[in-house]
Amino acid sequence: MFEIKRICCIGAGYVGGPTCSVIAQMCPEITVTVVDVNETRIKAWNSDTLPIYEPGLKEVVESCRGKNLFFSTDISSAIKDADLVFISVLSNPEFLAEGTAVRDLKEPDRVLIGGDETPEGQRAIKALCAVYEHWVPKSRIITTNTWSSELSKLAANAFLAQRISSINSISALCEATGADVEEVAKAIGMDQRIGSKFLKASVGFGGSCFQKDVLNLVYLCEALNLPEVASYWQQVIDMNEYQRRRFACRIIDCLFNTVTGKKIALLGFSFKKDTGDTRESSSIYISKYLMDEGAKLFIYDPKVLKQQIVYDLSQPSISEDNPERVSELVTITSDPYEACQSAHALVICTEWDMFRELDYEKIYKKMLKPAFIFDGRRVLDHLHAELQSIGFQIETIGKKVTSARIPYTPAVVGSRTASTEPPTKKAKA
C-alpha cells in the first residue's frame, strides 16, 4: 500500500491550521506543510501569537513546529513535494466544534473519508485511513463515496442547527406562557430518543458552518427540484433570524421603547465561548439592530480584537452602507467594568465563563438606574435572586424573571407594537 510521508494543506484558517497541526503531532514521521496566500496569516502561525484562539492549540503547534510542521506561502513547492494534498480538508469533511477543536481532532466521534469508487479512489482512501489510524480506532473511521461524505457533513450541521432553532422556538412560547425553557429542555432531553445536547436556548447560533451548510442544503434541494425540502431547511435559518430580532426588540421595549442615544454594554462578540471567531456571530446582528435604533454600544470580548469587531460592524449589510456610524456609535473596551460605566443596560451575547464571575454589585453602582441585564445565553441563572436583590431588572431567554417590570408607555398606534417585528431603521434627519 502507498505510504504517505508528506502532506500539504492549502488554507491556514480555522480548519486547516488546527487539523494539520494535530496530524503533525500524532504522526511525527509525516512532514506536514500548511500553505496560504495570506502572508500575514502565515507569519502569525510562525510566531508566538497564533492567528486563531483555540484551547490547547498553541501547545500542539509549538510541540512540532519546525520539526515536522511548517507554515509557508510557497504553495507550488509544497504541492509538488506532497504525497497528499488537503484543500482545507474538504476531501475529508471535518466535524470540529470551535472551542473544542483540538479535543475533537484527537478524540473524534468519527472520521469520514469519501472518495471515488475507482481503483485510484479506493487507494487514496486507504492511504488517508492509514494516516488517521495512527491515533483513531479503525471502528471510528468511516469510508463512503464522495456524495455520501459531503452530504453527511451538510446533514450533520443542519440537524444540529435544527435542534437549536427548535428549542429557540419553544423559548418564545415559554416567555409567553410562564414556562422555563431550561426546565422544558431538561425534561425532553431525558428522553433517550431525543437526548440533551444542543437544546440550549440562546440568542441564536453563529459560526462559519451552521448557516453556510444549511443554505448549501437549501440550494441543493432547489437545484434538484425539491422545493418542499428546501423550504423545510430554510425555516431553520428563518427561526434563527427571528430569535435575534426578537431579542433586540425585547431590549428596546424594556428600555421604554427607545434606545436612541442610550449607552448599552454588550458583553461577548465571538459566536461562542473559547474562540475568537466572530463569523455569523449573533452579536453582530444584535449590534446592527441596536445601532439601527441609534444606541451607543460599548463592546467587550476577552479574545476578539478591536479591529475585527470594527470590521464586522462596518460591512455594508450591517452598517446599512454607512460605515461611519460605527465610529459614532461603537466603542470597544478592554475591560467589562469600563463597558458598563454609566450604561442603561448590560447585554450578554456570548457565554464566556468569566461573565458568571463578575462583581455585579460593583457593576450596578456604575450603571444608570433602572439598570437592566439582558442575558442572551442564560449564564446568570444561578444569580437571579442575588441580582434582583442588588436592584437589577433581569430579562433572559425563555423565562420570565422579573415579576413586576418597571412600567413604560406603550408604543403609539402605527409604530412597532409587537416584539416579533424587527427594529425599524431611523430616518436620517
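**Exercise 1. Backbone angles and peptide bonds**

Task: Determine which residue just after α10 takes a positive phi, and where Glu280 and Pro370 are placed.

Solution. Just after α10, the residue with a positive phi is Phe256, at about 65°. The model examined here is a predicted one. Most residues other than glycine have a negative phi, and most peptide bonds are trans. Glu280 likewise has a positive phi, near 55°, although this residue is not glycine. Glu280 lies in the loop that runs between β7 (263–267) and α11 (282–292). For the peptide bond, consider Lys369 and Pro370: the bond that joins them is cis, with omega about 0°. Pro370 belongs to the loop between α16 (360–366) and β11.

**Exercise 2. Helix α10 and its partner α9**

Task: State how many residues α10 has, and classify the direction of α9 relative to α10.

Solution. Begin with the length of α10. This helix has 28 residues and reaches 40 Å from its first C-alpha to its last, which is close to the 40 Å expected at 1.5 Å a residue. Next, take the axes. Those of α9 (residues 210–223) and α10 (residues 227–254) come within 8 Å and cross at roughly 165°. Angles over 145 degrees count as roughly antiparallel; α9 and α10 are therefore roughly antiparallel to each other. The crossing of α9 past α10 is left-handed. Finally, list the contact. From α9 it involves Gln211, Val214, Leu215, Leu217, Val218, Cys221 and Glu222, and from α10 Pro227, Val229, Ala230, Trp233, Gln234 and Ile237. Sorted by class, the contact of α9 with α10 has 10 nonpolar, two polar and one charged residues.

**Exercise 3. Helices α1 and α3**

Task: Determine the angle at which the axes of α1 and α3 cross, and the residue classes in their contact.

Solution. The axes of α1 (residues 16–26) and α3 (residues 57–64) cross at roughly 50° and come within 9 Å. That angle makes α1 oblique to α3. The crossing of α1 and α3 is left-handed. In the contact, Pro18, Ser21, Val22, Ala24 and Gln25 of α1 meet Leu57, Val60, Val61, Ser63 and Cys64 of α3. By class, the contact of α1 with α3 has seven nonpolar and three polar residues, and no charged residues.

**Exercise 4. The sheet of six strands**

Task: Give the order of the six strands in their open sheet, and explain why one side of β9 and of β12 is left without a neighbour.

Solution. The order is β9-β8-β7-β10-β11-β12, with parallel pairing. Because β9 (330–332) and β12 (393–396) stand at the edges, each has a single partner strand, and one side of each lacks a neighbour in the sheet. From one strand to the next, the twist averages 20°. As one pairing within this sheet, consider β10 (residues 345–348) and β11 (residues 372–375), which pair in the parallel sense over four bridges. Val347 stands opposite Phe374 in β11.

**Exercise 5. The sheet of four strands**

Task: Identify the edge strands of the sheet β3-β2-β1-β4, and the bridge partner of Ile7 in β4.

Solution. Four strands form this open sheet, in the order β3-β2-β1-β4, and the pairing is parallel. Its edge strands are β3 (69–72) and β4 (84–87), each of which pairs on one side only. The twist averages 20° from one strand to the next. Strand β1 (residues 6–10) runs parallel to β4, joined to that strand by four bridges. Within β4, Leu84 is the bridge partner of Ile7.

Terms used. Residues are numbered from 1 along each chain as its sequence is written. This is a predicted model: local features need pLDDT of at least 70, side-chain atom pairs count only at pLDDT 80 or more; totals for chains, interfaces and linings use all residues. Side-chain values use heavy atoms; hydrogens and water are left out. Axes are lines fitted to C-alpha atoms, for helices over the stretch in contact, and angles run from 0 to 180 degrees between N-to-C directions. Helices (H or I, at least four residues) and strands (E, at least two) are DSSP runs, numbered from the N terminus. Angles under 35 degrees count as roughly parallel, over 145 as roughly antiparallel, 65 to 115 as roughly perpendicular and the rest as oblique. A crossing is left-handed if the near helix is turned anticlockwise from the far one by less than a right angle, and right-handed if clockwise. Contact means heavy atoms within 4.5 Å. Ala, Val, Leu, Ile, Met, Phe, Trp, Tyr, Cys and Pro count as nonpolar, Asp, Glu, Lys and Arg as charged, and the others, Gly among them, as polar. Two strands pair if DSSP finds at least two bridges between them. The expected span of a helix is 1.5 Å times one less than its number of residues.
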